[in-house]
Amino acid sequence: MRPIYLKLSKPADKLPTGSSRFWGNPDLPAGTGYPTYTVDDGEKYHYEFICQINLSDVASLDRDGLLPRKGLLSFFAK
């Protein structure tokens with residue numbers, strides 16, 4: 001398996017829905033609530049959005065065909 005390197009830059013304009021990006025707000029499907037977790041006392045908190053990757057942006061890099069060719073892969077952290 002080969003690593004994939006991402007080049008980070010600041011966009012000049014607002015990115016279109018579904019674009020690969022770090023931080024900000026995720027593009028969630030209609031009707032999908034923001035991911036949350038519950039702590040021991042019952043309080044709910046939002047996960048921190050890390051990034052989303054438009055899989056069509058990286059399809060040519062996936063030589064082993066392990067990922068779908070379209071859609072968003074989103075990462076969140078606690």
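Trainee: In what order do the three strands of the open sheet stand, and is their pairing parallel or antiparallel?

Mentor: This is a predicted model, in which local features need pLDDT of at least 70 and side-chain atom pairs count only at pLDDT 80 or more, whereas totals for chains, interfaces and linings use all residues. Residues are numbered from 1 along each chain as its sequence is written, and side-chain values use heavy atoms, with hydrogens and water left out. Taking strands as DSSP runs of E with at least two residues, and helices as runs of H or I with at least four, both numbered from the N terminus, and counting two strands as paired if DSSP finds at least two bridges between them, one finds an open sheet whose pairing is antiparallel and whose order is S1-S4-S5.

Trainee: Why is one side of strand S1 and of strand S5 left without a neighbour in the sheet?

Mentor: Strands of a sheet pair through backbone hydrogen bonds, either parallel or antiparallel. Strand S1 (21-22) and strand S5 (72-77) each have a single partner strand, so one side of each is left without a neighbour, because both stand at the edges.

Trainee: Which residue of S5 is the bridge partner of Cys-51?

Mentor: Strand S4, which covers residues 48-54, pairs with S5 in the antiparallel sense over six bridges. Within S5, the residue that partners Cys-51 is Phe-75.

Trainee: Is Ser-19 buried or exposed, and with what relative accessible area?

Mentor: Ser-19 belongs to the segment before S1, and, if neighbours within four places in sequence are left aside, Ser-19 is in contact (heavy atoms within 4.5 Å) with Asp-27 and Gln-52. Buried means under 20% relative accessible area, exposed over 50% and partly exposed in between, with a 1.4 Å probe and protein chains only. Ser-19 therefore counts as buried, its relative accessible area being 15%.

Trainee: Is Ser-60 buried or exposed, and what is its relative accessible area?

Mentor: Ser-60 sits in the loop between helix H1 (55-58) and S5. The C-alpha atoms of Ser-60 and Gly-42, 18 residues apart along the chain, are separated by 44 Å. Ser-60 is exposed, with a relative accessible area of 63%.

Trainee: What radius of gyration does the protein have?

Mentor: The C-alpha atoms fill a box of roughly 45 × 35 × 25 Å along the principal axes. The radius of gyration is taken over C-alpha atoms, and the globule rule is 2.2 Å times the number of residues to the power 0.38. For a compact globule of 78 residues the value would be near 12 Å, but the protein has 15 Å.
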